[in-house]
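Student: I have just opened this model and would like a close look at one part of it. Could you start there and then show me how the rest fits around it?

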Amino acid sequence: MYRFDIDKHGDKATLYADLSATLAALTADEPDTIANMANAAALIWEYLPDLNWAGFYRAIDGELVLGPFQGKTACIRIPFGKGVCGTAAATHEPQCVEDVHAFPGHIACDAASASELVMPIVHRGLLVGVLDLDSPLKGRFDAADVTGCAELMAVLGPRIAG
């Protein structure tokens with residue numbers, strides 16, 4: 001198994017670089033989409049601080065369908081354009097929301113969530129799904145998280161595109 005020591009990380013850039021390398025090693029020889037998403041969700045859940053949900057929604061027939069995750073039970077289907085996840089899916093743009101309660105149309109699966117980062121996973125121009133991270137802390141996510149999650153999904157995208 002892969003050893004990952006959170007204590008050696010002094011900043012987010014280093015943390016995400018190490019997470020990307022670990023994710024690449026974990027998924028390098030595994031062709032199964034769900035297995036790779038499950039390991040990615042577990043890795044992110046374990047090593048990113050202050051999360052109350054980390055997981056994936058898969059793009060299937062014009063909507064998002066719940067994939068592997070860590071945290072409380074979640075909404076199963078989200079239409080493109082609805083909520084933070086659906087907006088990221090429809091626009092193919094990351095959504096970094098400081099206060100989810102101020103986001104028009106926010107879908108509250110867990111009332112404890114205060115901020116959210118959703119990163120679309122696009123491979124060869126097609127939406128594969130989204131990475132969804134929730135935090136109970138308002139303003140938890142910043143530009144460094146957006147950049148880091150984009151790097152993680154650049155690693156994972158080709159390995160889950162099927």
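Student: Let's take the stretch around helix 3: which residue just after helix 3 takes a positive phi, and of about how many degrees?

Tutor: Happy to walk you through it, and please keep in mind that this is a predicted model. The residue you are after is His92, which follows directly on helix 3 and has a positive phi of about 60°.

Now step back into the helix itself. Helix 3 covers residues 83-91 and is mostly covered, with seven of its nine residues buried. Those seven are Gly83, Val84, Cys85, Gly86, Thr87, Ala88 and Ala89. Buried here stands for a relative accessible area under 20%. What lies over these buried residues? The cover includes strand 1, strand 2 (63-71), strand 3 (77-79) and strand 4 (95-97), along with strand 5 and strand 6.

Helix 3 also borders an empty space. The structure holds one cavity of 30 Å³ or more, and the volume of the largest cavity is about 170 Å³. Twenty residues, written as 20 in the count, line the largest cavity. Ile107, Cys109, Glu116, Asp132 and Asp134 are the ones that lie nearest its centre. Helix 3 gives the most to this lining, with four residues, while strand 1 and strand 6 are among the elements that each supply at least two.

That makes strand 6 a good next stop. Strand 6 is mostly covered too, since nine of its 10 residues are buried. On one hand, strand 6 pairs with strand 1 in the antiparallel sense, over six bridges. Within strand 6, Asp134 is the residue that stands opposite Trp53. On the other hand, strand 6 runs antiparallel to strand 5, and nine bridges join the two. In that pairing, His123 stands opposite Leu126 of strand 6. Strand 5 and strand 6 form a hairpin with two residues between them, and Arg124 in the turn has a positive phi of about 55°. So there you meet a positive phi again, as you did at His92 just after helix 3.

Strand 6 also leads us into the nonpolar interior. As a general background, nonpolar side chains in soluble globular proteins tend to be buried together. In this model, the largest nonpolar core has 29 residues, and those with the most contacts inside it are Leu19, Ile44, Leu48, Phe56, Leu131, Leu133 and Met153. Helix 1 (12-27), helix 2 (33-47), strand 1 (53-60), strand 5 (115-123), strand 6 (126-135) and helix 4 (143-160) each supply at least two residues of this core. Helix 4 gives the most, with seven residues. There is also a second, separate core of 16 residues, which includes Trp53, Ile78, Val97 and Val118. To see one core residue up close, pick Leu133: leaving out residues up to four places away in sequence, Leu133 touches Ile44, Leu48, Leu51, Trp53, Ala54, Ser115, Glu116, Leu117, Phe141 and Cys149. Notice that Trp53, listed in the second core, is one of the residues Leu133 touches.

Finally, let's look at the charged pairs. The count comes to five salt bridges. In one of them, the side chains of Asp145 and Lys12 meet at 2.6 Å, N to O. Asp145 lies in helix 4 and Lys12 in helix 1, so this pair ties together parts that are 133 residues apart in sequence. Are the two partners buried or exposed? Asp145 is buried, with a relative accessible area of 1%, whereas Lys12 is partly exposed, at 26%. Asp145 also meets Arg140 in a salt bridge, at 3.2 Å from N to O, and both Arg140 and Asp145 are buried. Together with Asp142, these residues are linked in a network of salt bridges: Lys12, Arg140, Asp142 and Asp145.

Another pair to find is Asp99 with Lys138, whose closest N and O atoms are 3.7 Å apart. Asp99 lies in the loop between strand 4 and strand 5, and Lys138 in the loop between strand 6 and helix 4, so the pair ties together parts that are 39 residues apart in sequence. Here Asp99 is partly exposed, with a relative accessible area of 23%, and Lys138 is exposed, at 56%.

Methods: Residues numbered from 1 in each chain as written. Predicted model: local features only at pLDDT ≥ 70, side-chain atom pairs only at ≥ 80, totals over all residues. Heavy atoms only, no water. Core = buried A, V, L, I, M, F, W, Y, C linked by side-chain atoms within 4.5 Å. Buried < 20%, exposed > 50% of the residue type's maximum accessible area, 1.4 Å probe, protein only. Contact = heavy atoms within 4.5 Å. Pairing = 2+ DSSP bridges. Salt bridge = Lys/Arg side-chain N within 4 Å of Asp/Glu carboxyl O. 1 Å grid on protein atoms, 1.4 Å probe; cavity = no way out; pocket = protein on both sides within 12 Å on 5 of 7 lines; lining within 4 Å. Points joined across faces, edges and corners; volume = space filled by probe spheres on them.
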